[in-house]
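Here is a friendly walk through a multi-chain protein model, written with a computational chemist in mind. Please have a look at the sequence and coordinates, and then read on.

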4 protein chains.
Amino acid sequence: MHVHITGRLLICCPDRPGIVAGVSQFLFSHGANILDASQHSTDPREGLFFMRMVFHLENTGMSRQQLEDDFREKVALPRQMEWRIDYTDHRKRMAIMVSRYDHCLMELLLRWRSGELEVDIPLVISNHEQLRKLTADFDIPFHYLPVDAINKQEQEQRTIALLQEHQTDFIVLARYMQILSPDFVSVFPGRIINIHHSFLPAFAGARPYLNAYTRGVKLIGATAHYVTDDLDEGPIIEQDVARVSHKHSVGDLVLLGQDIERQVLTRAVKAHIEDRVIVHGNKTIVF
Amino acid sequence: MHVHITGRLLICCPDRPGIVAGVSQFLFSHGANILDASQHSTDPREGLFFMRMVFHLENTGMSRQQLEDDFREKVALPRQMEWRIDYTDHRKRMAIMVSRYDHCLMELLLRWRSGELEVDIPLVISNHEQLRKLTADFDIPFHYLPVDAINKQEQEQRTIALLQEHQTDFIVLARYMQILSPDFVSVFPGRIINIHHSFLPAFAGARPYLNAYTRGVKLIGATAHYVTDDLDEGPIIEQDVARVSHKHSVGDLVLLGQDIERQVLTRAVKAHIEDRVIVHGNKTIVF
Amino acid sequence: MHVHITGRLLICCPDRPGIVAGVSQFLFSHGANILDASQHSTDPREGLFFMRMVFHLENTGMSRQQLEDDFREKVALPRQMEWRIDYTDHRKRMAIMVSRYDHCLMELLLRWRSGELEVDIPLVISNHEQLRKLTADFDIPFHYLPVDAINKQEQEQRTIALLQEHQTDFIVLARYMQILSPDFVSVFPGRIINIHHSFLPAFAGARPYLNAYTRGVKLIGATAHYVTDDLDEGPIIEQDVARVSHKHSVGDLVLLGQDIERQVLTRAVKAHIEDRVIVHGNKTIVF
Amino acid sequence: MHVHITGRLLICCPDRPGIVAGVSQFLFSHGANILDASQHSTDPREGLFFMRMVFHLENTGMSRQQLEDDFREKVALPRQMEWRIDYTDHRKRMAIMVSRYDHCLMELLLRWRSGELEVDIPLVISNHEQLRKLTADFDIPFHYLPVDAINKQEQEQRTIALLQEHQTDFIVLARYMQILSPDFVSVFPGRIINIHHSFLPAFAGARPYLNAYTRGVKLIGATAHYVTDDLDEGPIIEQDVARVSHKHSVGDLVLLGQDIERQVLTRAVKAHIEDRVIVHGNKTIVF
């Protein structure tokens with residue numbers, strides 16, 4: 001059987017006529033058949049253009065290096081594009097960091113095992129021992145790196161080293177209950193996905209379910225976002241909510257919220273894996 | 001045909017054994033057949049019990065006054081109850097206050113005309129002229145009371161007088177773009193329902209759609225709540241959300257949001273009309 | 001101010017490499033700037049390609065006729081395309097047919113008046129008198145064409161004549177309770193949108209709410225579809241549902257269902273107006 | 001610490017005045033404090049009354065046997081009630097039957113381990129070997145009972161024996177791909193919960209996702225119902241749907257549907273465990 005390689009091209013450039021034509025003409029003339037295309041223009045004052053193109057690459061004998069060199073010179077430079085191409089035969093390497101809650105970790109591992117999340121998971125890192133067995137059930141190495149006030153900086157350095165050693169492409173904080181330092185974040189810019197257990201910007205910070213209970217909201221939510229130096233302020237990838245009522249105790253909200261957290265996190269992670277997300281300022285475009 | 005009167009009893013009292021038994025026994029012995037009952041106990045530290053009972057009243061010859069006097073003496077006083085009974089043959093009188101947006105007003109009037117909202121609407125008050133014709137199409141008196149920095153206090157007094165003259169039971173702010181003074185609010189405590197065009201507590205205050213756009217949220221919402229002196233902080237009755245994406249401009253959010261606003265407001269108004277809402281502290285119990 | 005004309009190109013053709021490139025190159029070289037593009041490939045056995053491209057047309061002095069002649073010759077014929085271009089300065093002419101329920105009609109008229117539905121509405125046709133006043137409130141001509149067993153064929157011919165006389169582009173059956181004959185349907189192929197008050201294919205035919213009640217489903221729904229000769233079997237454009245329980249009587253289902261009907265119908269009509277829908281066999285692609 | 005036993009009383013009887021009063025008075029006088037009550041009256045022609053009461057039982061020295069004997073004599077018999085009381089210190093015993101799909105099984109086991117499903121799971125039975133390891137990870141016995149055309153009857157008898165030997169209270173078919181015979185069903189009337197992978201009554205029978213794809217629906221769903229002799233026709237406990245589009249292949253529908261299946265099944269199982277479901281004819285009342 002003839003095997004196609006699929007490429008995913010993401011671009012951002014000043015909006016002006018001819019970009020779709022130029023890019024699609026380039027791909028066609030290089031033996032790439034466009035499977036899917038999505039685009040977005042910001043409002044005219046900002047004047048930016050974003051596009052995602054998915055294509056099959058025929059065996060034309062041309063190397064990817066050649067394709068990309070050619071693209072840079074003929075298409076990207078003249079249009080001041082930021083761009084990148086990912087190929088589906090490179091499986092991204094996703095590290096997961098957790099604390100004690102198992103629902104998000106379990107959801108990710110299950111969907112990974114079923115083939116729905118097409119990534120490699122080289123390691124799980126935790127500041128607690130609880131989820132070691134669960135991780136082992138999936139034959140994934142588990143690293144226990146406890147954190148306290150004294151060793152925090154040191155453990156972060158160890159964590160970074162471990163992540164780099166495993167060639168981690170991106171990190172999922174699947175209810176990791178430690179705040180990462182700016183130093184840590186700067187090593188993986190736009191490559192750390194967190195799940196916050198509220199509908200941000202409502203109930204940022206600690207104890208969102210308690211605060212939601214106290215305020216008496218009728219919906220609770222969860223938010224998956226990229227981590228930046230501003231806690232709970234990074235670009236939002238995905239959100240969802242569930243209906244609650246006066247009958248729900250704080251404990252009920254926690255339980256109900258876990259269902260939303262794992263769904264929202266999974267959808268965000270999937271979008272990231274499939275190169276559907278472009279960060280623009282503090283917002284995301286999710287194609 | 002035999003016509004039943006339906007009563008709706010709402011109670012709040014210290015939680016202790018025997019309340020359901022006591023109340024239902026009382027109603028039964030007074031010829032009232034219970035049609036529906038809902039109850040809620042707060043957590044034990046607070047120790048409060050809430051109940052709504054809907055009942056048919058047989059023609060036993062006993063007046064409502066007698067029934068209520070009896071209830072007060074035999075059931076309510078011994079248990080330190082707060083309580084009230086409303087009867088469906090008393091249609092509540094609902095005033096609507098609007099500014100320029102027609103979607104919430106229209107939704108309320110349509111559902112009123114279809115019989116879904118079982119209220120009388122003695123008047124619509126607005127600080128703008130725009131919605132006069134629409135209101136007239138439904139044969140409802142329209143009062144134009146423009147507000148500016150100078151006349152605000154005076155116009156509020158006129159509004160209060162008008163509302164009282166029409167024996168208004170409660171007021172719906174169907175996108176009324178003026179902040180009511182504490183004086184105004186104090187005349188109608190727990191009897192003013194506002195629709196705020198965000199998922200509170202996110203995006204309280206002015207321009208919620210613009211702020212939602214800027215933050216890049218993936219859901220927008222609306223919140224119906226009772227008005228208190230703290231702007232956008234009153235007890236929430238109902239909320240809902242709709243999905244949005246990077247494709248939506250601020251204008252799109254406004255348009256999409258209007259659908260949620262009118263649905264949320266209608267559900268809240270309906271719950272209020274049917275005596276389903278009990279305010280407790282800054283939260284609501286919606287049976 | 002410089003006014004752009006927006007065009008919307010819809011195409012269907014055998015799937016093979018170079019279509020996006022060819023079409024976008026053509027548009028670019030004819031002074032058209034692509035604003036939005038969506039595409040869909042069916043599975044390889046069927047091998048079809050669908051695309052919608054929205055573009056601004058610069059004032060290049062080239063007439064639309066020239067553009068389309070050129071497109072036909074250079075792009076469409078070599079690729080065996082079916083295609084059409086609509087322009088936003090041609091407002092579609094939408095006729096509405098109703099019986100006695102007002103909720104769908106009202107929703108359409110409100111959204112038309114607010115500018116959300118960018119169409120002209122030359123007439124409303126009904127087999128009952130009830131909705132004449134409502135229609136008149138919106139200054140739209142109302143035609144009363146009662147239908148009975150004897151005059152049905154004759155009235156259909158009158159209806160067709162009326163629709164043609166008003167240069168109707170498409171027809172919305174906003175709860176029109178008569179079955180249209182194949183003759184009627186054949187005059188407006190793919191141009192009649194119906195709202196069915198169930199989640200098709202469940203509860204096709206008459207009395208869907210009663211049947212939903214009898215079966216004890218926990219969700220009720222509505223379906224907007226193009227009308228074909230097979231009753232309730234035409235291509236589905238949009239569907240949605242709402243949650244119900246044992247507490248809901250058939251009457252409650254009817255009331256609740258009306259909310260879904262009007263939302264689903266409006267979304268379908270909007271998609272049709274914006275040339276987002278391509279019918280393919282008995283299914284739709286909604287871009 | 002003082003430990004309360006919680007009882008759950010379910011009743012069904014002819015609707016007439018005084019039932020709530022009678023039952024609540026009885027419970028109160030027997031030292032039971034009502035925590036929650038829900039009731040439902042069918043329409044007057046049918047004239048039935050259903051109620052669920054949850055109560056704490058004080059240590060009055062009265063045995064449950066006495067309580068129930070007393071209730072039968074004083075409350076139930078005079079009102080022709082069908083009734084039962086379950087106590088939370090009796091954990092129900094839930095057997096799970098599966099074939100090859102793991103998503104529903106996994107969901108149940110996870111929520112059981114987290115304490116959300118308060119049952120014992122004495123065994124998992126399967127006609128395939130695939131899910132043995134997963135079941136073992138949760139320390140639950142796994143029984144492999146392969147079924148073919150010849151041994152079907154015999155294996156059913158073994159299954160029944162196994163279920164009875166483990167004192168199974170109810171059975172969950174978590175995507176068990178065999179049709180149970182009427183003989184089997186008759187042993188566990190109203191005690192077998194199945195998940196069907198469509199929004200019934202749409203797409204009953206085999207291959208619902210393929211049929212949904214072919215029909216071009218815009219939502220897919222799942223239905224949890226009690227098993228009766230009529231395949232896919234039993235009383236519906238819970239349903240839900242998810243949005244799909246022309247972009248989804250049959251495989252995508254399967255994947256997306258699995259999320260709905262496991263949520264719907266879990267909610268149904270939870271309602272059953274908490275004695276919230278009363279079957280009435282071919283419908284359910286879910287309190």
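## A helix residue in chain C

Setting aside neighbours up to four places away in sequence, Ala271(C) is in contact with Arg276(C), Val277(C) and Val286(C), where contact means heavy atoms within 4.5 Å. Ala271(C) belongs to helix α8 (residues 250-273) of chain C. Helices here are DSSP runs of H or I with at least four residues, strands are runs of E with at least two, and both are numbered from the N terminus.

Is Ala271(C) buried or exposed? Its relative accessibility is 8%, so Ala271(C) counts as buried; the cut-offs are under 20% relative accessible area for buried, over 50% for exposed and partly exposed in between, with a 1.4 Å probe and protein chains only. Thr6(C) lies 265 residues from Ala271(C) in sequence, and the two C-alpha atoms are 16 Å apart in space.

## Ground rules

This is a predicted model, in which local features need pLDDT of at least 70 and side-chain atom pairs count only at pLDDT 80 or more, while totals for chains, interfaces and linings use all residues. Residues are numbered from 1 along each chain as its sequence is written, chains are lettered from A and ligands numbered from 1 in the order in which they are written, and side-chain values use heavy atoms, with hydrogens and water left out.

## An annotated site in chain A

Which residue of chain A carries the UniProt feature "active site"? The record, an unreviewed entry, places this feature at Asp232(A). UniProt positions are given in the numbering used here, feature names are shortened, and annotations may be inferred rather than shown by experiment.

Asp232(A) sits in the loop between β11 (219-226) and β12 (236-243) of chain A. With 7% relative accessibility, Asp232(A) counts as buried. Not counting residues up to four places away in sequence, Asp232(A) touches His196(A), Leu200(A), Ala204(A), Gly205(A) and His225(A), together with Arg215(B).

## Where chain A meets chain B

The Arg215(B) contact of Asp232(A) leads to the interface of these two chains. Here 33 residues of chain A are in contact with 33 residues of chain B. The size of an interface is often given as the accessible area lost when the parts come together. For chain A and chain B the buried area is about 2,800 Å², with 54% of it from carbon and sulfur atoms; buried area is the accessible area (1.4 Å probe) that two parts lose on being put together, summed over both. Arg215(A), Lys218(A) and His246(A) supply 26% of the area that chain A buries against chain B, more than any other three residues.

Between chain A and chain B there are four salt bridges, each a side-chain nitrogen of Lys or Arg within 4 Å of a carboxyl oxygen of Asp or Glu. Arg243(A) and Asp240(B) meet in a salt bridge through their side chains (3.4 Å, N to O). The two chains also have 20 residue pairs in polar contact, both residues at pLDDT 80 or more. A polar contact is a pair of N or O atoms within 3.5 Å; within protein, one must be able to donate a hydrogen and the other to accept it, and residues adjacent in sequence count only if both atoms are side-chain atoms. On the side of chain A that touches chain B, α7 (208-215), β12 and β14 (283-286) of chain A each give two or more residues. The largest share, seven residues, comes from β12(A).

A turn of 180° with a shift of 0.0 Å along the axis lays chain A on chain B at an RMSD of 0.0 Å; copies are superposed by least squares on the C-alpha atoms of residues with pLDDT of at least 70 in both. Of the residues of chain A, Ala202(A) comes closest to this rotation axis, its C-alpha being at 2.3 Å. The copies meet through the same surface, because 100% of the interface residues of chain A are also interface residues in chain B.

## Where chain D meets chain A

This contact takes 14 residues from chain D and 14 residues from chain A. About 1,200 Å² is buried between them, 39% of it on carbon and sulfur atoms. There are four salt bridges between chain D and chain A, and Arg262(A) and Glu107(D) meet in a salt bridge through their side chains (2.3 Å, N to O).
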